[in-house]
Amino acid sequence: MNPIQAIVYGIIQGLTEFLPISSNAHLRLAPLLFGWEDPGAAFTAVIQLGTTLAVLIYFAKDLALYIGAWARSLTGKGRGTPEAQMGWGVFWGTIPIVVLGLVLHEKIETTFRSLYVIGFSLIFMGLLMLVAEKVGKKNREMKDITTKDGIIVGLFQCFSLLPGMSRSGSTITGGLFQGIERSTAARFSFLLGVPSITAAGFYEFFKERKAITGELLQPVIIATIVSFVVGYASIAFLLKFLQKRGTAPFVAYRVVLGLLVLGAVATGKVDHLAGAKALKVKPSVEASAQ
């Protein structure tokens, strides 16, 4: 991977991590569009640390407030405060995706990277987001979020294990179903993603440390820095955009892109496994793909 490719991947990661259109899907599709090699799930997970750092800096005051309240509640002080409730919501909401992520780890890096999965996921979450936009009351603010909300939105976050679902898309949708206002749902989505994305990034870095500290070191550093810069700007953009326009533009984009992906596969223009790095398949399937 050359520096230009790393910069492109960093821009894609920074733009799409917070927009509810799936960064994993776009990082999977970009190599096919440009004729590059798939960077793989490990590369994608590690450069997400750049966008996670953007969240940590952008919401530094909020995080300090919620973490402090959560820590004090461990001793029984202020457990019922909105800040402590938020902290516990993030804590319990993180557990489902961590458990499922470990259980489904091999499929996440292989089978789930099929273009069939990505195409259907883009469309499904887009339509689910549309339903949430229509039925959600959108009258609850940050102070109204409870531990129960954290658990429910955390379960929605598990959808993001499938490329194309989108972590922000899944959690914002879950928040809308809970009656949370759009921009508040987005803010909670960003905060909820910090523990799981950080854990996944460091896990993949440790697992693939030989490659990442070797030939991939420079591309990883470049892509991570770029994703941080672009991601920081994307946070501010999305919060303002959701207040004015809602999720409809993202729904339309997801459905159109999903149909294009499935159409390309159905017409034989591209194989659903094309470009997938280290994709483990049965010999019969592998032979039919050649």
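How many residues does helix H1 (residues 3-16) have, and how far does H1 reach from its first C-alpha to its last? Select residues 3-16 to begin: in this predicted model, H1 has 14 residues and reaches 20 Å between those two atoms, close to the 20 Å expected at 1.5 Å a residue.

**Helix H1 and the loop after it**

With H1 still selected, colour its buried residues, which are Gln5, Ala6, Tyr9, Gly10, Ile12, Gln13, Gly14 and Thr16. An α-helix has 3.6 residues a turn, so residues three or four places apart point the same way. To see what the buried residues of H1 pack against, display helix H2 (23-34), helix H3 (40-58) and helix H12 (217-245) as well.

Move next to serine 22, which is found in the loop between H1 and H2. Although serine 22 is not a glycine, its phi is positive, at about 80°. Is serine 22 buried or exposed? Its relative accessible area is 1%, so serine 22 counts as buried.

**Helices H3 and H10**

Keep H3 on display and add helix H10 (residues 182-207), whose axis comes within 8 Å of that of H3 and crosses that axis at roughly 140°. At this angle H3 and H10 are therefore oblique to each other, and their crossing is left-handed. On the H3 side, the residues to select for the contact are Ala42, Ala45, Val46, Gln48, Leu49, Thr52, Val55 and Leu56, while H10 supplies Phe190, Val194, Ile197, Thr198, Ala200, Gly201, Phe202, Glu204 and Phe205. Coloured by class, the residues of this contact between H3 and H10 divide into 12 nonpolar, 4 polar and 1 charged.

**Helices H7 and H9**

A second helix pair can be viewed by selecting helix H7 (residues 115-135) together with helix H9 (residues 167-177), which pack at an angle of about 25° with their axes 8 Å apart. How are H7 and H9 oriented to each other? Angles under 35 degrees count as roughly parallel, and H7 and H9 are therefore described in that way; the crossing in which H7 passes H9 is left-handed. For the contact itself, select Met125, Leu128, Met129, Val131, Ala132, Glu133 and Val135 in H7, and Gly169, Ser170, Thr173, Leu176 and Phe177 in H9. By class, this contact of H7 with H9 has 8 nonpolar, 3 polar and 1 charged residues.

**From lysine 138 to threonine 147**

Go on to lysine 138, whose place is in the loop between H7 and helix H8 (147-157). Lysine 138 is a residue other than glycine with a positive phi, near 55°, and at 21% relative accessibility lysine 138 counts as partly exposed.

Threonine 147, the next residue to select, is found in helix H8, and at 16% relative accessibility threonine 147 counts as buried. Which residues is threonine 147 in contact with, leaving aside its neighbours within four places in sequence? Show Gln85, Trp88, Gly89 and Trp92 to see these contacts of threonine 147.

**Helix H12 and glycine 246**

The last stop returns to H12, one of the helices against which the buried residues of H1 pack. Its 29 residues should span 42 Å at 1.5 Å a residue, and the end C-alpha atoms of H12 are 39 Å apart, which agrees. Finish by selecting glycine 246, which follows H12 and has a positive phi, near 75°.

How values were computed:
Residues numbered from 1 in each chain as written. Predicted model: local features only at pLDDT ≥ 70, side-chain atom pairs only at ≥ 80, totals over all residues. Heavy atoms only, no water. Axes fitted to C-alpha atoms, helices over the stretch in contact; angles between N-to-C directions. Helix = DSSP H or I, 4+ residues; strand = E, 2+ residues; numbered from the N terminus. Parallel < 35°, antiparallel > 145°, perpendicular 65-115°, else oblique. Left-handed = near helix turned anticlockwise from the far one by under 90°. Contact = heavy atoms within 4.5 Å. Nonpolar A, V, L, I, M, F, W, Y, C, P; charged D, E, K, R; others polar. Expected span 1.5 Å × (residues − 1). Buried < 20%, exposed > 50% of the residue type's maximum accessible area, 1.4 Å probe, protein only.
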